[in-house]
Amino acid sequence: LGLQILNQLVDELNIATTGRTLTQHRKTSVSFRDLCLFKVFQLGLTTLKQLQTRQITCSSQRQEVILGGQALGLTVRCLNFDFIGTNPDESTEDVGTIQAPSNWRPVLQDPATIELLLDFYANTEPPRSNKAMEAVILICSVRRSLFPSDKEREAFLGRIIGGIRELLKNQTGLQHQDNYHQFCRLLGRLKANYQLSELVKTEGYLEW
C-alpha cells in the first residue's frame, strides 16, 4: 500500500493539474524533486533488491508479483520525473535525455543498479519484465554531463552492452511481445544517445 501511495504521489507532483497554476505546480514539483524524489527512487530499488534476495517474505506468489510491480513502477516514475520543468507531451512514448540531478550519480553509475534491473527482467514475466527493461532504457538516457569523465561514461556503457549481449545470446524473454518491444526501444535509445565511435570502443562490441 505504501508503494502504491508513493506511485500516485510521484504522478501527482509530476503532472500539472487543474486548480493550480503552472508556477504553483513547478514550485511544489521542484521542492519534491530536491527534498524527496531521490529517497523515493532509492526505496524502489531497495524493495527490488530485498525481493531478489528474499529479505522480504511475501505470503503468496501473487503478493510478490504485486509488490515487485509496484516497486518497478515507482522506479520508472522517478526516472521519468520532469526534472527541469519541460513538461513533455505525455502522448510521446520515447523520452529524450534524462536530466537526473548530480546527487543521483552514485546510484545510477553503480553496476549493481543495472544488474538488479536486468536480473528482474530475466527472471520475471510481463508486465514486470518489460517494466524492468523500461527502467534500464531510462538509465541509459541519463545526460552525458552526469559523468565526471569520458572514462566513467565508457565503463557505464560497457556494462549496458555486456548485459544486452547476454540477453541476446540467450534470447532471454524475447518471446514475449512486450519485452521485445522494450528491447527494441533500448537499442534505439543507445543509437540516439551514443555515437558509433563510442559503441565501437566498448569491450565486447564485436560479439554484441
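# Salt bridges and helix packing

Visitor: Is Arg77 buried, partly exposed or exposed?
Guide: The model is a predicted one, and the relative accessible area computed for Arg77 is 30%. Buried would require under 20% and exposed over 50%, so with 30% the class of Arg77 is partly exposed.

Visitor: Which side chain meets that of Arg77 in a salt bridge?
Guide: A salt bridge needs a nitrogen of Lys or Arg within 4 Å of a carboxyl oxygen of Asp or Glu. For Arg77 the N to O distance is 3.0 Å, and the partner in this salt bridge is Asp11.

Visitor: How many residues apart are Asp11 and Arg77, and which helices hold them?
Guide: Taking the salt bridge between Asp11 and Arg77 once more, the pair links distant parts of the chain, 66 residues apart. Asp11 is itself partly exposed, its relative accessible area being 31%. Asp11 belongs to helix α1 (residues 2-14), while Arg77 belongs to helix α3 (residues 61-79).

Visitor: How many salt bridges does a search of the whole structure find?
Guide: Side chains of opposite charge can pair when their charged atoms come close. One such pair is Asp34 with Arg33, at 2.8 Å from N to O, where Asp34 counts as exposed with a relative accessibility of 52%. Over the whole structure, the number of salt bridges found is 10.

Visitor: Does Arg153 count as buried or exposed?
Guide: Arg153 forms a salt bridge with Glu198, with the closest N and O atoms 2.7 Å apart. The two residues join distant parts of the chain, Arg153 lying in helix α7 (residues 150-170) and Glu198 in helix α9 (residues 196-200), 45 residues apart. The relative accessibility of Glu198 is 16%, which makes Glu198 buried. With a relative accessibility of 6%, Arg153 likewise counts as buried.

Visitor: How are the axes of α5 and α7 arranged, roughly parallel or roughly antiparallel?
Guide: Two packed helices are described by the angle between their axes and the distance between the axes. Helix α5 (residues 111-123) and α7 have axes that come within 10 Å and cross at roughly 20°, and α5 passes α7 in a right-handed crossing. Because angles under 35 degrees fall in that class, the relation of α5 to α7 is roughly parallel.

Visitor: How many nonpolar residues are in the contact of α5 with α7?
Guide: From α5, the residues Pro111, Ile114, Leu118 and Tyr121 meet Arg159, Ile160, Gly163 and Leu167 of α7. Of the residues in this contact one is charged and one is polar, and the nonpolar ones number six.

Visitor: Is α5 roughly parallel or roughly antiparallel to helix α6?
Guide: α5 and helix α6 (residues 128-140) pack with their axes 7 Å apart and at an angle of about 155°. Angles over 145 degrees define the class, so α5 is, relative to α6, roughly antiparallel.

Visitor: How many charged residues does the contact of α5 with α6 have?
Guide: The crossing of α5 past α6 is left-handed. Thr113, Ile114, Leu117, Leu118, Phe120 and Tyr121 in α5 are in contact with Ser129, Ala132, Met133, Ala135, Val136 and Ile139 in α6. By class this contact has 10 nonpolar and two polar residues, and the count of charged residues is no more than none.

Visitor: How far apart in space are Ile66 and Gln4, C-alpha to C-alpha?
Guide: Ile66 lies in helix α3 and is partly exposed, with a relative accessible area of 40%. Ile66 and Gln4 are 62 residues apart in sequence, and their C-alpha to C-alpha distance is 9.9 Å.

Definitions and conventions
Residues numbered from 1 in each chain as written. Predicted model: local features only at pLDDT ≥ 70, side-chain atom pairs only at ≥ 80, totals over all residues. Heavy atoms only, no water. Helix = DSSP H or I, 4+ residues; strand = E, 2+ residues; numbered from the N terminus. Buried < 20%, exposed > 50% of the residue type's maximum accessible area, 1.4 Å probe, protein only. Axes fitted to C-alpha atoms, helices over the stretch in contact; angles between N-to-C directions. Parallel < 35°, antiparallel > 145°, perpendicular 65-115°, else oblique. Left-handed = near helix turned anticlockwise from the far one by under 90°. Contact = heavy atoms within 4.5 Å. Nonpolar A, V, L, I, M, F, W, Y, C, P; charged D, E, K, R; others polar.
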